[in-house]
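Trainee: I'd like to go through this model one question at a time. Let's begin once it's on the screen.

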Amino acid sequence: MLEKIEKLTAEIESLQVANAEELEVLRIKYLSKKGEIPLLFNDFRNVPNEQKKEIGQKLNVLKTFATDKINALREAFDEKKNDDDTIDLTRSAAPTPLGTRHPISLVREEIINIFSRLGFTLAEGPEVEDDWHVFGAMNFADDHPARDMQDTFFIQRNPADVLLRTHTSSVQSRVMENSQPPIRIICPGRVYRNEAISYRAHCFFHQVEALYVDKNVSFTDLKQVLLYFAREMFGPETQIRLRPSYFPFTEPSAEMDISCNLCGGKGCAFCKNTGWVEILGCGMVDPNVLEACGIDSKQYTGYALGMGIERITNLKYRVKDLRMFSENDVRFLEEFESAH
């Protein structure tokens, strides 16, 4: 019997399986009721008394070894099977983290989508512009402070001023020069101003301007568009108010406030306890601008509005420092993964 035990131990130690069926066959062969190891236990009654202790211990060791071997083969086979089922051979060797859209891009697209539902089409223009399209066509006086080097980045001065645009109104002037009403456009883009960088100001930022020129366009039309935009962007309970203001390219001009979306207009630190937050400037297009761009101001009227995308983003996502938008801190950008 000792020879049989040693022979079975050597066989079991060298066992290998290729599939679940082979593993079950081996289990039955060695461990079932009629298997080779239980049969040895049946023959144990014929062992002489003086050998029972030694052979009994070896039988128990053999049974435990065979059981552990079968279980180990089963676990190894299951792991291999799971690996084969789940591995994706098209994946890269290292995991690639998913990116997210920049908050400025998210808000820009949302603004464009709102105005596109009102029939506005997208218009874009160059960031490096000439004085005429940025200032001259927009009714800026020759001595206007915006034309000074402390406010504008000039690339080339006289004889022809070339500069980085200070607002996207230059896109409006280009469109009006090359087309006739009806004109209904929205002009998003990056603009540049010579300002000290701080948590509330930057030398470059992003604007969205809208222009509508047609017959019989009135300030009432402008007000309805502003109300629609505010409620689509900030919620259906949002209220607006218009305050008289001045811009060279619009007359009359106004600045628009919305009811604070933090306190609901009751007053808080964010709105300086006024219940209102300024978000954009607007007005009726000055007749001088229409005439300068080749549009008959006696036949057509229009309105224009403009806002800073960073300003809207601050209101929407509570970003307190403008510099975070351009520093590309991954920790900051990861906060917007769920904002798509």
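Trainee: Where is the place of Asp-257?

Mentor: Ground rules first: this is a predicted model, where local features need pLDDT of at least 70, side-chain atom pairs count only at pLDDT 80 or more, and totals for chains, interfaces and linings use all residues. Residues are numbered from 1 along each chain as its sequence is written, and side-chain values use heavy atoms, with hydrogens and water left out. Helices (H or I, at least four residues) and strands (E, at least two) are DSSP runs, numbered from the N terminus. With that settled, the place of Asp-257 is in strand S8.

Trainee: Is Asp-257 buried or exposed?

Mentor: Buried means under 20% relative accessible area, exposed over 50%, and partly exposed in between (1.4 Å probe, protein chains only). The relative accessibility of Asp-257 is 3%, so this residue counts as buried.

Trainee: Which residues does Asp-257 touch, leaving out those up to four places away in sequence?

Mentor: One to look at is Arg-241, which is 16 residues away along the chain, yet the two C-alpha atoms are separated by 5.3 Å. Contact means heavy atoms within 4.5 Å. On that basis, the residues touched by Asp-257 are Gln-239, Ile-240, Arg-241, Arg-243, Trp-276, Val-277 and Glu-278.

Trainee: How many residues of strand S8 are buried?

Mentor: Asp-257 already gave us one buried residue there. Strand S8 runs from 250 to 259 and is mostly covered. Out of its 10 residues, the number buried is 8.

Trainee: Which residue is the bridge partner of Phe-247 in S8?

Mentor: Two strands pair if DSSP finds at least two bridges between them. S7 and S8 run antiparallel and are joined by 7 bridges, with a hairpin of 2 residues linking one to the other. Among the bridges, Phe-247 is matched in S8 with Thr-250.

Trainee: And which residue is the bridge partner of Thr-250 in S9?

Mentor: Now we're looking at S8 with strand S9, residues 276–285. These two run antiparallel and are joined by 8 bridges. In S9, the partner of Thr-250 is Val-285.

Trainee: What is the order of the 7 strands in the open sheet?

Mentor: Start from the edges: strand S1 (121–122) and strand S7 (240–247) each pair on one side only. The pairing in this open sheet is mixed. Reading across, the order is S1-S5-S6-S10-S9-S8-S7.

Trainee: Which strands does helix H5 touch as it packs on the sheet?

Mentor: Look at the S5 and S6 pair, residues 183–192 and 204–214, which are antiparallel over 10 bridges; one of the matches there is Cys-187 with Glu-209 of S6. Helix H5 (residues 103–116) packs on the sheet, and its direction makes about 165° with that of S5. The strands that H5 touches are S1, S5, S6 and S10.

Trainee: What is the order of the open sheet of 3 strands?

Mentor: Its pairing is antiparallel, and the edge strands are S2 (128–130) and S3 (154–156). S2 and strand S4 (residues 162–164) pair over 3 bridges, with Val-128 standing opposite Leu-164 in S4. The order is S2-S4-S3.

Trainee: What is the direction of H2 relative to H3, roughly parallel or roughly antiparallel?

Mentor: Axes are lines fitted to C-alpha atoms, for helices over the stretch in contact, and angles run from 0 to 180 degrees between N-to-C directions. The axes of helix H2 (residues 20–31) and helix H3 (residues 36–43) come within 4 Å and cross at roughly 5°. Angles under 35 degrees count as roughly parallel and over 145 as roughly antiparallel. That makes H2, relative to H3, roughly parallel.

Trainee: Which residues of H3 make the contact with H2?

Mentor: The H2 side supplies Lys-29, Tyr-30 and Leu-31. In H3, the buried residues are Ile-37, Pro-38 and Leu-40. The contact itself is made, on the H3 side, by Glu-36, Ile-37 and Pro-38.

Trainee: Which residue does a cis peptide bond join to Pro-252?

Mentor: Most peptide bonds are trans. One cis bond joins Pro-181 and Pro-182, with omega about 5°, and Pro-182 is in the loop between helix H7 (169–178) and S5. Pro-252 is in strand S8, and its cis bond, with omega about 0°, joins it to Glu-251.

Trainee: What is the phi of Asn-273?

Mentor: Most residues other than glycine have a negative phi. Asn-273 lies in the loop between S8 and S9 and, at 61% relative accessibility, counts as exposed. Its phi is positive although it is not a glycine, at about 60°.

Key
Parallel < 35°, antiparallel > 145°, perpendicular 65-115°, else oblique.
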